[in-house]
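Reader: I have a structure to go through. Can we take it in short questions and answers?

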Amino acid sequence: MTTTRTPVQHGERRCYIRGCRRPECAEANRRYCKQYRTVVYVSGPRRVDNVQPYINIVTRYLNHGWSYAQIANLAGCCETVPFNLHKGISKRLNQRTADQLATLPATPPEVPGLGFVDPTGTVRRGQALYRIGHTLRGMAPELNIDPDSLSRTLNRPTAYVYGSTAAAMTDLYNRWQNTPGPSTANRNRAEARGWPDPTWWEDMGRIDDPTFDPQTVVERPMNRLELAAYRRDEIERLNSYRIPDHEIAERLDMALTTVRSIITELETGQRRDRKQAA
């Protein structure tokens with residue numbers, strides 16, 4: 001569909017603005033300025049100098065997961081308006097635009113479509129998968145994003161993520177949380193950063209709760225029997241995924257002979273000689 005524009009003619013203010021100084025064009029500009037001054041005198045300024053109330057409106061909607069385009073569409077204004085307000089670019093607003101933003105509901109409705117959502121669950125699920133050895137290059141295609149974007153999401157979380165990304169991460173996490181990835185280096189990096197693994201989140205819960213800080217959880221050290229039971233369960237789980245014996249021993253900080261003895265016991269059902277294993 002093509003749009004035809006009315007050609008500029010002499011005797012219009014548009015012609016004056018383009019540089020024409022013919023008497024009829026200058027007169028058209030004079031009439032417009034006179035009408036503008038009259039409107040301002042009667043109705044007040046046509047621009048709003050205090051934009052803070054409108055920045056607050058845009059920020060409130062952004063915090064509820066709305067995008068700039070969705071805010072603009074609801075208000076009936078240009079998409080650049082909420083963006084420029086939020087970024088501090090706009091110092092004044094056209095009165096008509098200000099009136100459009102002022103008509104938005106005080107409480108933002110549900111986000112249209114998927115929009116933007118809180119990033120907490122997405123970040124924690126990605127970090128947990130990273131903790132068990134999955135790579136950015138392996139996860140990113142499943143989320144339909146590039147590895148660099150995923151890296152920024154996991155390391156420098158923003159105020160929100162796309163709802164489509166959050167849904168894809170939840171699906172990926174449900175499929176991969178019990179399957180260790182191939183990267184030992186990733187496991188070590190995640191452990192150094194304090195990123196909990198899926199087992200920790202399964203025990204603790206609240207993976208989607210932004211008010212819950214896992215760093216504040218003080219875990220009681222396991223006693224000897226609890227540690228032995230945990231290691232046995234982990235050996236059984238990792239062995240079921242065909243993880244090599246030496247890698248299991250490295251992950252659990254155990255002697256290789258002990259790991260092999262427990263695997264043999266699990267496979268044969270015969271109790272091992274703990275004196276020899278020791």
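Author: Yes. One note to begin with: this is a predicted model. A helix end comes first. Asn144 follows α8 and has a positive phi, near 65 degrees.

Reader: Which residues of helix α8 are buried?

Author: Buried here means under 20% relative accessible area. In α8, which spans residues 136-143, that description fits Met139, Ala140 and Leu143.

Reader: Why do Met139, Ala140 and Leu143 lie on the same side of α8?

Author: An α-helix has 3.6 residues a turn, so residues three or four places apart point the same way. The buried residues of α8 are Met139, Ala140 and Leu143. They are on the same side of α8 because they cover an arc of only 105 degrees around the axis.

Reader: Which residues are exposed on the other side of α8, and which helices do the buried ones pack against?

Author: Arg137 and Pro141 are exposed on the other side. The buried residues of α8 pack against α7 (120-131), α9 (147-155) and α10 (163-176).

Reader: Which helix gives the most to the lining of the largest pocket?

Author: The largest pocket has a volume of about 1000 Å³. Helices α11 (184-193), α12 (198-204), α13 (224-240) and α14 (245-252) each supply at least two lining residues. The one that gives the most, with six residues, is α13.

Reader: How do the residues of that lining divide into nonpolar, polar and charged?

Author: The lining has 27 residues, and Arg131, Asp197, Tyr230, Glu234 and Leu252 lie nearest the pocket centre. The lining divides into 10 nonpolar, four polar and 13 charged.

Note on methods: Residues numbered from 1 in each chain as written. Predicted model: local features only at pLDDT ≥ 70, side-chain atom pairs only at ≥ 80, totals over all residues. Heavy atoms only, no water. 1 Å grid on protein atoms, 1.4 Å probe; cavity = no way out; pocket = protein on both sides within 12 Å on 5 of 7 lines; lining within 4 Å. Points joined across faces, edges and corners; volume = space filled by probe spheres on them. Helix = DSSP H or I, 4+ residues; strand = E, 2+ residues; numbered from the N terminus. Nonpolar A, V, L, I, M, F, W, Y, C, P; charged D, E, K, R; others polar. Buried < 20%, exposed > 50% of the residue type's maximum accessible area, 1.4 Å probe, protein only. Arc of directions from axis to C-beta. Contact = heavy atoms within 4.5 Å.
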